[in-house]
Amino acid sequence: MEKSYFDVKPKGRHAQAIAKPTADALMEFCRQEPEFEQAIEQSGKSFDDCLTAITKGIGQSISDLEIYTRAVKFYFPVAAVRFHMTIDLCGDNGAIDPPITMTKQDKPEPMQLSLDSLLDF
């Protein structure tokens, strides 16, 4: 899908706010599904018409998923948009590694280790 198709001057503040992310999502969907791209091209519908349709009646807010679902259904009514979100509790939490402190012993204790103790399960 050519980017020029999505170059519009949206009418209304809601359409202006969602135009770029919606265009980006639709272009990604076109890369994922060539049949979807073909549906857009053959629809005879403009992206401006799409923005008008998906912003109709949204009130104060709407989720991204709902915007993208409405946009996809504008061109391909039986299509569905799936969203997958996960949490990673060990992810980027901003923590830094603790500092390493080295100490020196005057006379280190010999290590008492035997093969039997290593293999004792």
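The following exchange goes through the helices, core, aromatic pairs, salt bridges and surface of a predicted model.

Student: How many helices and how many strands are there in the protein chain?
Tutor: From the N terminus on, the elements run α-α-α-α-α. The count for the protein chain is therefore five helices and zero strands.

Student: What percentage of the residues of the protein chain count as buried?
Tutor: A residue counts as buried under 20% relative accessible area. The protein chain has 121 residues, and the share of them that count as buried is 25%.

Student: Among contacts between residues at least 6 apart in sequence, what share joins residues at least 24 apart?
Tutor: Contact here means heavy atoms within 4.5 Å. With pairs at least 6 apart in sequence as the base, the share joining residues at least 24 apart is 68%.

Student: Which residues of the largest nonpolar core touch the most other members?
Tutor: The largest nonpolar core has 23 residues. Those that touch the most other members are Leu-26, Phe-36, Phe-47 and Tyr-75.

Student: Which element gives the most to this core?
Tutor: Two or more residues of the core come from each of helix 1 (13-32), helix 2 (34-43), helix 3 (47-55) and helix 4. The element that gives the most, with nine residues, is helix 1.

Student: Which residues is Phe-47 in contact with, leaving aside its neighbours within four places in sequence?
Tutor: Phe-47 is one of the core residues that touch the most other members. Two others of that group, Leu-26 and Tyr-75, are also in contact with Phe-47. The full list is Tyr-5, Phe-6, Val-8, Ala-19, Thr-22, Ala-23, Leu-26 and Tyr-75.

Student: Why is the pair of Phe-29 and Phe-36 described as it is, and what is the description?
Tutor: A pair of aromatic rings is described by the distance of the centres and the angle of the planes. The structure holds three aromatic pairs. For Phe-29 and Phe-36, the centres are 6.5 Å apart and the planes stand at 75°, so this pair is edge-to-face.

Student: Are Phe-29 and Phe-36 buried or exposed?
Tutor: These are the residues of the edge-to-face pair with ring planes at 75°. Both Phe-29 and Phe-36 are buried.

Student: How far apart are the ring centres of Phe-74 and Tyr-75?
Tutor: Phe-74 counts as buried at 17% relative accessibility, and Tyr-75 counts as buried at 5%. Their ring planes are at 85°, so the pair is edge-to-face. The ring centres are apart by 5.0 Å.

Student: Which residue meets Asp-24 in a salt bridge?
Tutor: Side chains of opposite charge can pair when their charged atoms come close. Asp-24 is found in helix 1, and its partner lies in that helix too, four residues apart, about one turn of the helix. The N to O distance of the bridge is 2.8 Å, and the partner is Lys-20.

Student: Is Lys-20 buried or exposed?
Tutor: A residue counts as exposed over 50% relative accessible area. Asp-24, at 30%, counts as partly exposed. Lys-20 has a relative accessibility of 55%, so Lys-20 counts as exposed.

Student: How far apart in space are Asp-24 and Lys-3, C-alpha to C-alpha?
Tutor: In sequence, Asp-24 and Lys-3 are 21 residues apart. In space, C-alpha to C-alpha, the distance is 9.0 Å.

Student: What is the N to O distance in the salt bridge of Glu-28 and Arg-31?
Tutor: Glu-28 and Arg-31 both lie in helix 1, three residues apart. Glu-28 counts as partly exposed at 33% relative accessibility, whereas Arg-31 is exposed at 57%. The N to O distance is 3.2 Å.

Student: Where do Glu-66 and Arg-70 lie?
Tutor: A search of the whole structure finds four salt bridges, and one of them joins Glu-66 and Arg-70 at 3.0 Å, N to O. Glu-66 is partly exposed at 33% relative accessibility, and Arg-70 is partly exposed at 27%. The residues are four apart in sequence, and both lie in helix 4.

Student: Which residues form a nonpolar patch on the surface?
Tutor: One member, Phe-83, is found in the loop between helix 4 (64-75) and helix 5 (115-119). Phe-83 counts as exposed because its relative accessibility is 55%. With about 340 Å² of accessible area together, the patch is formed by Leu-65, Phe-83 and Met-85.

Note on methods
Residues are numbered from 1 along each chain as its sequence is written. This is a predicted model: local features need pLDDT of at least 70, side-chain atom pairs count only at pLDDT 80 or more; totals for chains, interfaces and linings use all residues. Side-chain values use heavy atoms; hydrogens and water are left out. Patches are made of residues with over 30% relative accessible area and no salt bridge: like charges are joined within 9 Å, nonpolar side chains (Val, Leu, Ile, Met, Phe, Trp, Tyr) within 5 Å. Accessible areas come from the Shrake-Rupley method with a 1.4 Å probe; for residues, only the protein chains shown count as cover. A salt bridge is a side-chain nitrogen of Lys or Arg within 4 Å of a carboxyl oxygen of Asp or Glu. Buried means under 20% relative accessible area, exposed over 50%, partly exposed in between (1.4 Å probe, protein chains only). A nonpolar core is a set of buried Ala, Val, Leu, Ile, Met, Phe, Trp, Tyr and Cys residues joined through side-chain atoms within 4.5 Å. Rings of Phe, Tyr and Trp (its six-membered ring) pair if their centres lie within 6.5 Å; planes under 30 degrees apart count as stacked, over 60 as edge-to-face and the rest as tilted.
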